[in-house]
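Me: Please take a close look at one part of this model and show me how it sits among its surroundings. Then follow the connections outward.

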Amino acid sequence: MSDPEAVARAVRGGATVFSGEKSTLVQTGPRPLVPGGSGAEQLRRATAALDGAERGVIVAGAVPFDLSRPGALRLGPADMTPGPLAVPLGSRAQVTVARSRPVPSPAGYADAVRAGLDRIRAGRVDKVVLARTLELEALDDWSVPQLLSELVARNPSATALAVPLDDPADPGARWLVGATPELLLRRRGPSVLLRPLAGSIPRSPEPDEDIRRSDALMNSDKDRREHQFVVDAVVEALSPFCRTVNAPEPELVATPAVWHLATRVTALLNDTDTTSVDLVAALHPTPAVGGSPRKEALKVIDEVEGLDRGCYAGAVGWQDVHGDGEWVVAVRCAEVRGRSLRIFAGAGIVEGSDPDAEVAETAAKMRTVLDAATAR
Ligand SMILES: C=C(O[C@H]1C=CC=C(C(=O)O)[C@@H]1O)C(=O)O
């Protein structure tokens, strides 16, 4: 499906869309939810739900950060076309923002970071990812096709996404929209590719300063440590399933808003009975969104963050009848519901993190959705 009008109609009808540099996937109706309720149960049942499905049918959607909460994976036919989504999707009506409120306030977030650092000093965790939100209230309903258009146009290297979280026919149904630079995993036959990100610095509009910042990130001991927790955790989670796992040195990647450290991890499965969904269940949540060690970090997030993350920092993607699939980490995302848009951003906290720098980093990360939502 490559005609923008047809895609816009499909999205208004509740279609799930992923648009990447190389391909665009649109899951059209009918799209029953994968049975099971919770994200964990949906992941357990996704592969069986595809048994005997017609060619072209996939499981697609989102599982939440906390897998005990409801998932939004749906079973239905999909259309895959080469290249990114052709945009714009229809006319560009301006939405006016009537109110904008950071929750918690920047000072409240800095306090949460200090509370995280206290737990690190106490030896409970080595790393914890803490998030905050920006709530925008518009005069009219947000348009999901329009948000998606802007996200695609502004983030050519990311995976732009629109995923219905509720029954799209319900008034007040929620959507997840965003443009994430982080590949959780791609599985094609026995080959698996991951590109975990962690360790960030805001971009500068001034080219010399921008390069200086990227150098500072590459040479930052704090950011290298913050990154390594993620690489170590994904290598450990993959190992039982794989005959080889290769994790080279980190490299730099840039989004329009931030520089990141990234590692291209490649692996070969022992057995192609292991599906992409099995790997999601083993990997999620990585320390790019949770922390290290995982269990204790999730407790610390519960204690100090005070947010319902929903599908922000969840896993979003698809799997086909062969067990192949592609899943991204739902960062640079927002939850849309009628006139309300809740933008989320988080940052990894390790020993040596500076609360004010984490406020600035999360503000820069929020720009991905904020700039798309307030485009003129
Ligand atoms: C948790 C987020 O980003 C993660 C991904 C890349 C870099 C991150 C960091 O440097 O903190 C985070 O781990 C977010 O954007 O909300």
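Reply: What follows starts from one helix and then moves outward.

This is a predicted model, in which local features need pLDDT of at least 70, side-chain atom pairs count only at pLDDT 80 or more, and totals for chains, interfaces and linings use all residues. Residues are numbered from 1 along each chain as its sequence is written.

Begin with helix 4. Helices (H or I, at least four residues) and strands (E, at least two) are DSSP runs, numbered from the N terminus. Of the 11 residues of helix 4, 9 are buried, so the rest of the structure largely encloses it. A residue is buried if 20 or more other C-beta atoms lie within 10 Å of its own, exposed if 12 or fewer, and partly exposed in between, with C-beta atoms placed from the backbone. The buried set runs Val144, Pro145, Gln146, Leu147, Leu148, Ser149, Glu150, Leu151 and Val152. These residues pack against two helices, helix 1 and helix 9 (355–373). They also pack against strand 1 (16–19), strand 7 (159–164), strand 8 (175–180) and strand 19 (333–337).

Take the helix 1 partner. Helix 1 (residues 4–12) meets helix 4 (residues 144–154) at an angle of about 125°, and the axes are 9 Å apart. Axes here are lines fitted to C-alpha atoms, for helices over the stretch in contact, and angles run from 0 to 180 degrees between N-to-C directions. The two helices are therefore oblique to each other. Angles under 35 degrees count as roughly parallel, over 145 as roughly antiparallel, 65 to 115 as roughly perpendicular and the rest as oblique. Helix 1 brings Ala8, Val11 and Arg12 to the contact, and helix 4 brings Val144, Pro145 and Leu148. Two residues are in contact if their C-beta atoms, placed from the backbone, lie within 7 Å. By class, the contact has 5 nonpolar residues, no polar ones and 1 charged. Ala, Val, Leu, Ile, Met, Phe, Trp, Tyr, Cys and Pro count as nonpolar, Asp, Glu, Lys and Arg as charged, and the others, Gly among them, as polar.

Now the strand 19 side. Cys333 sits in strand 19. Cys333 counts as buried, because it has 30 C-beta neighbours inside 10 Å. Beyond residues up to four places away in sequence, Cys333 touches Leu176, Val177, Gly178, Thr180, Tyr312, Phe344 and Val369. Cys333 and Ala160 are 173 residues apart in sequence, yet their C-alpha atoms are 9.3 Å apart in space.

Arg332 lies in the loop between strand 18 (325–329) and strand 19. Its phi is positive, about 55°, although Arg332 is not a glycine. Arg332 is also buried, because it has 31 C-beta neighbours inside 10 Å. Ala313 is another non-glycine residue with a positive phi, near 65°. Ala313 lies in the loop between helix 8 and strand 17 (315–319). With 26 other C-beta atoms within 10 Å, Ala313 is buried. Most residues other than glycine have a negative phi, and most peptide bonds are trans.

Two peptide bonds are worth a look too. The bond from Val103 to Pro104 is cis, with omega near -5°. Pro104 falls in the loop between strand 5 (97–103) and helix 3 (106–121). Ser292 and Pro293 are also joined by a cis bond, with omega about -10°. Pro293 is in the loop between strand 16 (291–292) and helix 8 (294–304).

Next, the ligand. Of the 17 residues around the ligand, Leu197, Ser200, Val331, Gly346 and Gly348 come nearest. A residue is near a molecule or strand if its C-beta atom, placed from the backbone, lies within 6 Å of it. The shell divides into 9 nonpolar, 5 polar and 3 charged residues. Strand 6 (127–138), strand 11 (197–202) and strand 20 (340–350) each give at least two residues to this shell.

Ser200 belongs to strand 11. Ser200 counts as buried, because it has 24 C-beta neighbours inside 10 Å. Setting aside neighbours within four places in sequence, Ser200 contacts Val258, Trp259, His260 and Glu361.

For contrast, look at Gln94. Gln94 is in the loop between strand 4 (72–82) and strand 5. Gln94 is exposed, because 10 other C-beta atoms lie within 10 Å.
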